[in-house]
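Trainee: I would like to learn how to read a few local features of a protein model, step by step. Could you take me through them?

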Amino acid sequence: MDGMELPAIRSTCAYCGVGCGVLLRPDGQGGALVTGDPDHPANFGRLCSKGSALGETLGLEGRLLRPRIGADDTDWDTALDLVATRFADTIAEHGPDSVAFYVSGQLLTEDYYVANKLMKGFIGSANIDTNSRLCMASTVAGQRRAFGTDTVPGTYEDLEEADLIVLVGSNLAWCHPVLHQRILAAQALRPEMKLVVVDPRRTVSCDGADLHLMLESGSDVALFNGLLNEIDRRGAADEAYLRHVTGAAEAFGAAAEADLSVTGLAPEDLAAFYDLWIGTKKVVTIFSQGVNQSSSGSDKVNAILNCHLATGRIGTPGCGPFSVTGQPNAMGGREVGGLANMLACHLDIENPDHRGAVRDFWSAPRMPEAQGAKAVEMFRRVATGEIKALWIIHTNPAVSMPDADAVRDAIAGCDFTVVSDVTARNDTAQLADVLLPAAAWGEKDGTVTNSDRTISRQRAVLPPPGEALPDWQILAEVARRMGWAEAFDYSGPSEIFREFAALSGIAASFGKDFDISALSDLSDTGYRNLAPVRWPVSAARQGGRFFGDGRFFHPGGKARMLPLAYRPPAARTAPRYPFRFNTGRIRDQWHTMTRTALAPRLSAHLPEPFLEIHPEDARRLGIGARDLVSVRSPQGGAILRARITDAVKPGDVFAPIHWTAQTAPSGRIDALVPGITDPVSGQPESKAAVVAVEKFDAGWHAFAMTSGALDLSCEYWAVARTEAGARAEMAGRDAPADWEAEARRIFGLSGGVVQSVEDRAAGLTRLAFHEGGRLRAAIFVSREPSALMRDYLATLPGAEAIDVLTGRTPADRPDPGPILCSCFGVGVNTILRAIEEGAALTVEQVGEVLQAGTNCGSCRPEIAALIAASARREAAE
Ligand SMILES: Nc1nc2c(c(=O)[nH]1)N[C@H]1C(S)=C(S)[C@@H](COP(=O)(O)OP(=O)(O)OC[C@H]3O[C@@H](n4cnc5c(=O)[nH]c(N)nc54)[C@H](O)[C@@H]3O)O[C@H]1N2
Ligand SMILES: Nc1nc2c(c(=O)[nH]1)N[C@H]1C(S)=C(S)[C@@H](COP(=O)(O)OP(=O)(O)OC[C@H]3O[C@@H](n4cnc5c(=O)[nH]c(N)nc54)[C@H](O)[C@@H]3O)O[C@H]1N2
Ligand code: SF4
Ligand SMILES: [Mo]
């Protein structure tokens, strides 16, 4: 590859907490080629579909280039002066707790450190919280309760060395694909390695698993209490290790009371799981949002930790509980104390000695003595007017917070809202009084910490466009203008990092484990060249695992097992709201899509918001394939496409979280989720709302594709980027009187040649617009949802005039179907044909024949599932 001659710059992926290393080669045209870094210890060169497509998301489309006040562009001085003045005036009049920052686990450590220092040390309030409250808070609380510190004990190597991996509430194949691939690769070498999935829903992570426990939503505490009880009953506890643990007797006692019927699992499945877990020495239990996002999230975490502590399976090779982090710097944010209930470097806000030490170190004028408002409470205080000035940085709460309509209204009603983002095209930015342009991934420098405590550099390869500035600099500029010039007089991220590292040394003197003090005298060059390094990094120790030695961080040095009791999800199903509403992620989109939606190939996999519903429920409710459904909860409503599947249990429904007012306004699913939280962690129960589902009675449905833009305004629409332009699904109750006029409005077309097919009685209208001999746009309207070859049609805009209105592919061009392999654009139908014609019988052969699955490999579990389904069909025939 000739790209090899260009100097490659090492950085870290913008997305998930796996923290894959990437090589960036600027293409000289404002973009860069992105490949996996073969030397990075997280991924050794692998990338998933999202990481592989990073290069396609570096364009300037939609970027916010200048500060704005209201709708008007302004200069930095005016914007920063306004922010500083409004915050200072509000604090002077109403006290420090009348202002708040809501930040993000995607901020770099240096940005995060500065935000936290400004709020906790200088403004003097603890009202800084982060979207990590929606993500990792229950794990933080659970680990602190068990270990006396928020520390992941193990390393990624443990996932390869384990003989049993248990995934609890984790769709690892889609959400941490490179870790999933590392596990599958290890399993290929050691087929005796077993995989168990604990999830109320069947996901692609279940493919190839030895056991899938489709438990009742929220019943994990009962499941793991049952395991703890078996450990005790069978004498499988590690008595020697239990010398390092307190509370075991109480925990065993509570576990003995567990009622396992609430899990809904068959006794033989429970027995199989308990036999496997107890009978395998090297067990890693990986857990994620199915555990954390629950009103009993902290207890779920401790139920898992109890079992590992009781058996001493922690902190040794191939053993341990393993919380996989979501965002690229979820871990770094916890280290800098970005949550409202922590201080920097794992120090405790309520501890006067800790507070005093941080105050002295910062020369801070004032420090809060108590915790600040956690996310859900923070937005409630915004709604009541207690919080009057709010700064939102690097997150999109109008979409991602529970009770999202109320949160959106609270932000809109706040006296003064500042938003720092890279785009104005997000739901939250559109509510800002002041909008500040931030430098994006690829344009800024700093560090992130991944799931296994590895600190890696993100590096800039492109100049920030327009007037965009890195987040730390925007924060420091405001701090200086508020009168704290000296404390925020940073020359760059390396200076911030050194200060942070020095503070960790002070924390270590209080016996804290987060110690990177050996990096406190790193030179600028050393920072520039910093290679990935796992903390701690101190004179005393470097990296490694925690707790294998039985040394914990509670006073007295012991771990704690907790007596736990199952509590059902807080919202109860009832005749009005009979369904349990589960939510989560899809493979190729990242959260509110502000970056991933820019890459056409990432939208081709699942281009529309949907609701998974069991065939029995669908039949009972008269919902057919491709129908739209209206979903309602006591909080709000949504309209989604039905996907009828037995991947969910009867009575459960599932929807992905990614759609927004920009991409599908009726698909904002957090409008349905109540702001109910775990009493210990404050984390919302995002996976167990209750809803009613009915068929959405549309008078018309339409599919459209265009090489231009779309102006959509009907009751249901969802738009996705394509290579050719864009595609959209639409539906409404009353059809427009004149479809051609409406189509011209939607496509922004006045001229062009129109071709049409119309059958009024059947409610069918098809219109194609051609310009200069090429297809510009087309719309297919029908009364019922139609079976069109959408994935083929979406490729046509811009092509020489052809007859598109049949909605079918020409005989010589079979419909590829929805794109499964986004790297090579290979569709489901193409793969199925290869399987059914016998051209490919294994995932490897599909790769040989079609290339599918041979680059990032993120689609390999789905290809395997297609092969398995086809084999099942053949067996049945
Ligand atoms: N493609 C992609 N990857 C991502 C992200 C993304 O947006 N897109 N986001 C990143 C972030 S920030 C995060 S936090 C992670 C999240 O990663 P995951 O936690 O793996 O993802 P989710 O899909 O939110 O939820 C995981 C599973 O929890 C299950 N679940 C629901 N309720 C329960 C329950 O009561 N018990 C159990 N045991 N399981 C339950 C759901 O059915 C779902 O399959 O992903 C990261 N990676
Ligand atoms: N129902 C339900 N709700 C959920 C979840 C769920 O599973 N179910 N998951 C929750 C979880 S785990 C998470 S992590 C959240 C995620 O939810 P959010 O954090 O709200 O989602 P993102 O889309 O990642 O928002 C990031 C924003 O930062 C902007 N941005 C990108 N780069 C930069 C930068 O360099 N600087 C600045 N200042 N801005 C930048 C992006 O344009 C985008 O607007 O959602 C939570 N909400
Ligand atoms: S697994 Fe994918 S999204 Fe996560 S860091 Fe690696 S390449 Fe990025
Ligand atoms: Mo997250």
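The dialogue below turns to a ligand site, two helix pairs and two backbone details.

Mentor: Please keep in mind throughout that this is a predicted model.

Trainee: Which residues surround ligand 3?

Mentor: The shell around ligand 3 includes Cys 13, Tyr 15, Cys 16, Val 18, Gly 19 and Cys 20, and it is continued by Leu 47, Cys 48, Lys 50, Gly 51, Pro 177 and Val 178. Sorted by class, that shell holds nine nonpolar, two polar and one charged residues. Two helices, α1 (49-52) and α7 (177-189), each contribute at least two residues to the shell around ligand 3, and the space that ligand 3 takes up is the largest cavity.

Trainee: How should I describe a pair of packed helices, and what is the case for α8 and α9?

Mentor: Two packed helices are described by the angle between their axes together with the distance between those axes. For helix α8 (residues 220-233) and helix α9 (residues 248-256), the axes come within 8 Å and cross at roughly 115 degrees. Angles from 65 to 115 degrees count as roughly perpendicular, and α8 and α9 are therefore roughly perpendicular to each other, with a crossing that is left-handed.

Trainee: At what angle do the axes of α3 and α19 cross?

Mentor: The axes of helix α3 (residues 109-123) and helix α19 (residues 493-509) cross at roughly 65 degrees and come within 9 Å, so α3 and α19 are roughly perpendicular to each other. The crossing in which α3 passes α19 is left-handed.

Trainee: Turning to the backbone, where is there a cis peptide bond?

Mentor: A cis peptide bond joins Trp 535 and Pro 536, with omega at about 0 degrees, and Pro 536 belongs to the loop between β19 (533-534) and β20 (559-560).

Trainee: Which residue has a positive phi although it is not a glycine?

Mentor: That residue is Cys 345, whose phi is about 60 degrees, and Cys 345 is located in the loop between α13 (330-335) and α14 (352-362).

Definitions and conventions. Residues are numbered from 1 along each chain as its sequence is written. Chains are lettered from A and ligands numbered from 1 in the order in which they are written. This is a predicted model: local features need pLDDT of at least 70, side-chain atom pairs count only at pLDDT 80 or more; totals for chains, interfaces and linings use all residues. Side-chain values use heavy atoms; hydrogens and water are left out. A residue is near a molecule or strand if one of its heavy atoms lies within 4 Å of it. On a 1 Å grid over the protein atoms alone, a cavity is a set of points where a 1.4 Å probe fits but cannot get out, and a pocket is an open set with protein on both sides within 12 Å along at least five of seven lines; lining residues have an atom within 4 Å of a point. A molecule sits in a cavity or pocket if more than half of its atoms lie within 2 Å of its grid points. Helices (H or I, at least four residues) and strands (E, at least two) are DSSP runs, numbered from the N terminus. Ala, Val, Leu, Ile, Met, Phe, Trp, Tyr, Cys and Pro count as nonpolar, Asp, Glu, Lys and Arg as charged, and the others, Gly among them, as polar. Axes are lines fitted to C-alpha atoms, for helices over the stretch in contact, and angles run from 0 to 180 degrees between N-to-C directions. Angles under 35 degrees count as roughly parallel, over 145 as roughly antiparallel, 65 to 115 as roughly perpendicular and the rest as oblique. A crossing is left-handed if the near helix is turned anticlockwise from the far one by less than a right angle, and right-handed if clockwise.
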